[in-house]
Structure formats: C-alpha cells, structure tokens
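Thank you for letting me take a few minutes of the meeting. I would like to walk through one protein that is new to most of us, so please keep the sequence and the picture in view while I talk.

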Amino acid sequence: METTPVQQPVSQTQAEEAQRLAAEALPAAPSLKRKVAVGRFTNATRYGRALLYDDERDPLAEQASDIVSNRLAETDAFIVVERRDLELLEDEADLTGKQMDLIGVDTLLVGSVTEFGRKTEGKAGFLSSTKKQAAEAVVEVRMIDAKTGVVFATATGTGSASTEAGETMGFGTRAAFDATLTDKALSSAIADLMTAVMQNVTARPWQADILKVESERAFISGGRSQGLKVGDELAVMREGEAVRSERSGMVIRLPGEEVARVRVTGFFGDTELAEGAVVTLLSGRLPTSGEGHLVEEVRS
C-alpha cells in the first residue's frame with residue numbers, strides 16, 4: 001500500500017536560501033519588472049479569531065499580507081502597487097482635493113493562512129527539565145491575471161520556528177511565552193512560497209501598451225525602473241481576436257501575431273509609474289495606432 005509523503009515545514013533559514021537561489025535562477029536578460037499588487041489575505045484558521053468582530057481586520061492575515069509585500073519589494077524584480085489600503089488612500093485624496101490615478105497591474109496576489117498552530121512540550125527529570133515551544137504555519141497564495149481575473153498559478157509555503165530552554169539543579173534559563181515564534185513561523189512559510197511566486201509571475205512575458213505612433217517611432221509605457229535599457233529589442237504584437245466559448249462561456253483570446261520589431265532609443269517621464277520609452281522601427285511595419293496592439297519582450 002503506497003503512502004503519500006507529508007511535506008515537512010521548513011525553517012526560515014532554509015526558505016530564505018531557497019528564495020535566494022530562485023532569484024539567481026531567473027533570466028538575467030532582459031530583466032523587466034512586472035507590476036504586482038497584493039490584495040486580500042484571510043485567516044482561515046481559528047488562531048487569534050476568538051475576540052474579533054466581523055468588521056475587524058484579522059492581525060494574522062494583515063501580517064501575512066505585509067510580509068508578502070515586503071518580500072516582493074526586497075527582490076527588486078517587481079513594482080509593488082498598494083491595493084489593500086485603498087480606502088485610506090481614497091480618504092487622503094479627498095482631504096487633499098486630488099483625484100486618484102490608479103495604476104493597472106499585471107498580477108494580483110491574494111491568499112490565506114490555512115494552517116497555524118503553537119505547541120509547548122516539556123521534559124522533567126530528577127535534577128533537570130527542558131521546555132520547547134514551537135509554531136508552524138501554512139500560507140497559500142493565488143496569482144491572478146489582473147486583466148482577465150483568471151487564476152493562472154498557485155503556491156503553498158510551510159514554515160516553522162522553535163525555541164528551547166532548560167535548567168539543571170535550578171540553574172539555567174526559564175522559558176516564558178515567546179510571542180516572536182508566530183512572526184518567525186509566518187515569515188518562514190512566506191519565504192518558502194516566494195520561490196514559486198517569482199518563477200510563475202516572471203514566466204509570463206513582459207508587456208507594455210503603445211501610447212502613440214509617429215511614422216517609424218512609437219511611445220510605449222514602461223521605462224528604466226522596469227529594467228528597460230537603450231538598445232533593448234522588443235516585439236510589436238497584434239492582439240489575437242477575443243472569442244467566447246459556447247461551452248464554458250469564457251472569453252478566449254486567440255494567439256497574437258508579431259508585426260514589427262523595435263529598439264528602445266530613449267525615455268520620458270519622471271516617476272516610476274508614469275514613465276515611458278521611445279522606440280524606433282527595426283523591421284516590419286508599425287500600426288497606425290496602439291489600439292489592438294502591444295509591445296512584448298523578446299525571449300530567446
């Protein structure tokens with residue numbers, strides 16, 4: 001009779017090392033940053049929920065969301081856009097009298113803390129005693145195409161943290177409740193899943209909008225902060241026709257077609273999310289407008 005192996009929680013050190021190796025394995029050229037937003041995170045466990053009201057934010061879920069945002073920003077492979085505190089941003093815009101200009105993203109991350117638990121174990125002998133505290137966490141994340149709302153990948157991370165203290169003949173350390181184990185186990189689980197998040201998001205081709213076309217040059221969204229450099233070669237794609245499946249009801253976009261190759265010759269804009277690039281025609285033919293077309297990275 002076959003048995004299914006149980007996935008063991010990984011330590012924070014192991015998870016961070018795996019994340020570092022995954023980052024090094026990402027393609028180095030071109031290294032174009034994707035725009036990612038971290039959305040709703042929930043606590044699907046009973047931990048810490050006894051004293052919460054329905055309209056209160058769950059601290060464990062909030063912490064998981066914050067850690068994911070920080071880990072994404074630390075990789076320097078993504079532009080992380082705020083989405084969770086959108087109501088606060090809207091209130092601030094109302095106070096200043098300025099209209100919010102929300103930036104579209106490529107991928108939306110939502111997730112849940114699906115397992116969390118703490119335990120304390122102790123051993124007592126004639127002259128000695130030990131006490132061990134441990135915490136384990138499982139976090140699951142869904143990667144959603146922001147344009148279609150379709151989940152294109154998922155990732156699961158497990159993590160654990162522990163501390164141990166002992167004393168002999170009354171000498172040694174006494175272990176009080178260690179609240180930091182919760183933070184460490186959660187951080188370890190998220191570090192474990194970041195490898196899969198980075199690989200799945202960057203596996204999708206980087207794309208940009210065509211803002212304007214002038215003869216044999218065009219202006220596109222995306223600039224230096226996303227990794228573009230003067231001399232980079234990009235493909236101009238005609239988007240495939242969108243057709244609706246009678247069986248599933250879903251709109252399916254047919255494969256697109258490359259119509260031109262362009263080269264980056266300059267940049268414009270002064271902020272990370274409001275910058276663009278100037279491209280000139282290398283081969284093929286530029287469309288008369290950007291409607292129905294986009295620019296895509298060229299992968300070897």
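**Surface, strands and confidence**

The protein exposes about 18,000 Å² of surface, and carbon and sulfur atoms supply 50% of it. Please bear in mind from the start that what we are looking at is a predicted model.

Let me begin with the overall picture. The protein has 300 residues, of which 38% count as buried, and its secondary structure comprises four helices and 14 strands. If we take the contacts between residues at least 6 apart in sequence, 69% of them join residues that are at least 24 apart.

How far can we trust the coordinates? The mean pLDDT of the protein is 79, with 71% of its residues reaching 70 or more. Over residues 1-7, however, the pLDDT is below 50, and beyond near neighbours in sequence this stretch has two contacts in the model. Residues 25-30 also stay under 50 in pLDDT, and for them the model has five contacts beyond four places in sequence. Where pLDDT is low, the predicted coordinates should not be read in detail.

Now I would like to turn to one strand. How many of the five residues of strand S14 are buried? Five of the five residues in this strand, which covers residues 293-297, are buried, so S14 is largely enclosed by the rest of the structure. Looking at the two faces of S14, His293, Val295 and Glu297 point one way, while Leu294 and Glu296 point the other way, and all of these are buried.

Which strands are joined to S14 by bridges? Strand S7, residues 207-214, runs antiparallel to S14 and is joined to it by three bridges, with Asp209 standing opposite Leu294. Strand S9, residues 233-238, is also antiparallel to S14, and here five bridges make the connection. Within that pairing, Met237 has Leu294 as its bridge partner in S14, so if you find Leu294 on the screen, you can follow it to Asp209 in one direction of reading and to Met237 in the other.

Finally, let me come back to the surface. Val150, Met250 and Ile252 make a nonpolar surface patch of about 250 Å². Of these residues, Met250 lies in the loop between strand S10, residues 242-244, and strand S11, residues 251-253. Is Met250 buried, exposed or partly exposed? Met250 has a relative accessible area of 44%, which means that it counts as partly exposed.

Technical notes
Residues are numbered from 1 along each chain as its sequence is written. This is a predicted model: local features need pLDDT of at least 70, side-chain atom pairs count only at pLDDT 80 or more; totals for chains, interfaces and linings use all residues. Side-chain values use heavy atoms; hydrogens and water are left out. Patches are made of residues with over 30% relative accessible area and no salt bridge: like charges are joined within 9 Å, nonpolar side chains (Val, Leu, Ile, Met, Phe, Trp, Tyr) within 5 Å. Accessible areas come from the Shrake-Rupley method with a 1.4 Å probe; for residues, only the protein chains shown count as cover. A salt bridge is a side-chain nitrogen of Lys or Arg within 4 Å of a carboxyl oxygen of Asp or Glu. Buried means under 20% relative accessible area, exposed over 50%, partly exposed in between (1.4 Å probe, protein chains only). pLDDT is the predictor's confidence in each residue, from 0 to 100. Contact means heavy atoms within 4.5 Å. Two strands pair if DSSP finds at least two bridges between them.
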